[in-house]
Amino acid sequence: SSDLARCFFADFRICDGATPLISGGLDDSREKLPWFNHDRTVAVYSAGMECVIRSAGPEDCVHIMRMIRELAEFEKLPEQVQITEEVLKKDGFMDNPFYRCLVAELCPGQISKEGFTVVGYALYFFTYSTWTGRAMYLEDLYVMPEFRGNGMGKKLISRAAEICLEVGCRRLQLAVLDWNRLAMDFYLKKGSRSEE
């Protein structure tokens, strides 16, 4: 279907850093981990399992594409996915990428039921408002179902919000399908303002 889905639009004003998205968001114990890649890894989550939140690389596109399809199935819109892994690689890892992405990766020795170690992602890009200036748009925030409720989604969006501040963005915006009450409540609890 080419009809646009009805959405709840969320807007986080983060220009002063006073947002629940960031406070208490990231654990900085990464230097204690021998497998830690200081160039790309930005945070560690620990609650019965360890997970790293890091910038995605081209090698992650196979997993990002898998999770894009999983998200589309959840949103009951699988036919809307038209990109391929090759397009994802090209568009995200060129000199001036069209998007950026964070991934949640399980630590060595941990895997999902299906055998995956990359179990979540946050895909975003930068926009501009002639009224407020720089902004980030969070296109997707996804965590595989078996890992939900453990704080991975919060860690992903916290890191995205930190990046917003680092590059001088004043807002982080996103849209959620209007039937996804759980997601709407999650964003509202984190300080979002509705743009309905």
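**Exercise 1.** Is C169 buried or exposed?

*Solution.* The structure is a predicted model, in which local features need pLDDT of at least 70 and side-chain atom pairs count only at pLDDT 80 or more, while totals for chains, interfaces and linings use all residues. Residues are numbered from 1 along each chain as its sequence is written, and side-chain values use heavy atoms, with hydrogens and water left out.

Step 1. Take the cut-offs: buried means under 20% relative accessible area, exposed over 50%, and partly exposed in between (1.4 Å probe, protein chains only).
Step 2. C169 has 3% relative accessibility, so C169 is buried.

**Exercise 2.** Find how many disulfides the structure holds, and check C51 and C169.

*Solution.*
Step 1. A disulfide is a covalent bond between the sulfur atoms of two cysteines. The criterion applied is a pair of cysteine sulfur atoms within 2.5 Å.
Step 2. The search of the whole structure gives zero disulfides.
Step 3. For C51, the closest cysteine sulfur belongs to C107 and lies 6.6 Å away, which is too far for a bond.
Step 4. C169 is in no disulfide either, as the nearest cysteine sulfur, in C164, is 4.5 Å away.
Step 5. C51 counts as buried, at 0% relative accessibility.

**Exercise 3.** Describe the surroundings of strand β6 (residues 133-143).

*Solution.*
Step 1. Helices (H or I, at least four residues) and strands (E, at least two) are DSSP runs, numbered from the N terminus. Two strands pair if DSSP finds at least two bridges between them.
Step 2. β6 pairs with β5 (residues 118-129) in the antiparallel sense, over ten bridges. Y124 has L138 of β6 as its bridge partner. The two strands form a hairpin with three residues between them.
Step 3. β6 and β7 (residues 171-177) run parallel and are joined by three bridges. Here A135 stands opposite R171 of β7.
Step 4. Nine of the eleven residues of β6 are buried, so the strand is largely enclosed by the rest of the structure.

**Exercise 4.** Which residue does the side chain of R54 contact, and is R54 buried or exposed?

*Solution.*
Step 1. R54 is located in strand β3 (residues 50-55).
Step 2. With a relative accessible area of 8%, R54 is buried.
Step 3. A polar contact is a pair of N or O atoms within 3.5 Å; within protein, one must be able to donate a hydrogen and the other to accept it, and residues adjacent in sequence count only if both atoms are side-chain atoms.
Step 4. The side chains of R54 and E105 make such a contact, at 2.8 Å.
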